2 protein chains.
Amino acid sequence: MRFTVEVLVTLKPRLADPQGKAVESALPALGWTNVRGVRVGKHVRFEVESDDETSARAQVDEMAARLLSNPVIEDSRILEVREVQRT
Amino acid sequence: MRFTVEVLVTLKPRLADPQGKAVESALPALGWTNVRGVRVGKHVRFEVESDDETSARAQVDEMAARLLSNPVIEDSRILEVREVQRT
């Protein structure tokens, strides 16, 4: 079975986020003064071949912890694991 | 009303994704040979103060097109607009 997977990787809440600050500092010049707390993270999408959804999710958890994120400073969460229908 | 917003910004499908390729090339060394099509995008989270959800979404659409993404090479989609309950 083939699955489409989406994983989000975000900086842990208390850590400084320079990319988010850069976005925030650009907002007033565009007329938006009602936005705050901008945080920029990663969205990783891929396809994985697996026997079933349980084993796919187990592998994605391990990939998120070992490769896609740095668990010291980042949190990761699986946004979606969806089976690809073959035609 | 205050809303928590999440926006995804992804490279358009046909464009080369060097960051995704870098992830893919690291996979075999970690024992994963069943993964393909890795694409890395951005996840942007922020809070916006707005009269109602409709106007919040309209602003987020405009922010996504004008500031958070480059519409020539990237697609954006709103993942979530959720009202923050004040206590």
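Across the interface of chain B and chain A in this predicted model, twelve residue pairs are in polar contact, both partners at pLDDT 80 or more. If you would like to see where chain B's side of this interface comes from, look at five elements: strand S1 (2-11), helix H1 (18-26), strand S2 (35-49), helix H2 (53-68) and strand S3 (74-83) of chain B each bring at least two residues to the side that touches chain A. S2(B) supplies the largest share, 15 residues. Sorted by class, the side of chain B that touches chain A holds 16 nonpolar, seven polar and eleven charged residues.

Let's stay with S2(B) for a moment. Strand S2 (residues 35-49) of chain A is joined to S2(B) by eleven bridges, and the two strands run antiparallel. To find your place in this pairing, start at His43(A), whose bridge partner in S2(B) is Gly41(B).

Charged side chains also meet between the chains: the count between chain B and chain A is four salt bridges. Glu47(B) forms a salt bridge with Arg36(A), with 3.6 Å between the closest N and O atoms.

Now step back to the interface as a whole. Contact links 34 residues of chain B with 34 residues of chain A. The size of an interface is often given as the accessible area lost when the parts come together. Here the area buried between chain B and chain A is about 2,900 Å², and carbon and sulfur atoms give 58% of it. Which residues of chain B lose the most area to chain A? They are Trp32(B), Asn34(B) and His43(B), together 20% of what the chain B side buries.

Notes: Residues numbered from 1 in each chain as written. Chains lettered and ligands numbered in written order. Predicted model: local features only at pLDDT ≥ 70, side-chain atom pairs only at ≥ 80, totals over all residues. Heavy atoms only, no water. Contact = heavy atoms within 4.5 Å. Buried area = accessible area lost by both parts, 1.4 Å probe. Polar contact = N/O pair within 3.5 Å; in protein donor to acceptor, adjacent residues only side chain to side chain. Helix = DSSP H or I, 4+ residues; strand = E, 2+ residues; numbered from the N terminus. Nonpolar A, V, L, I, M, F, W, Y, C, P; charged D, E, K, R; others polar. Pairing = 2+ DSSP bridges.
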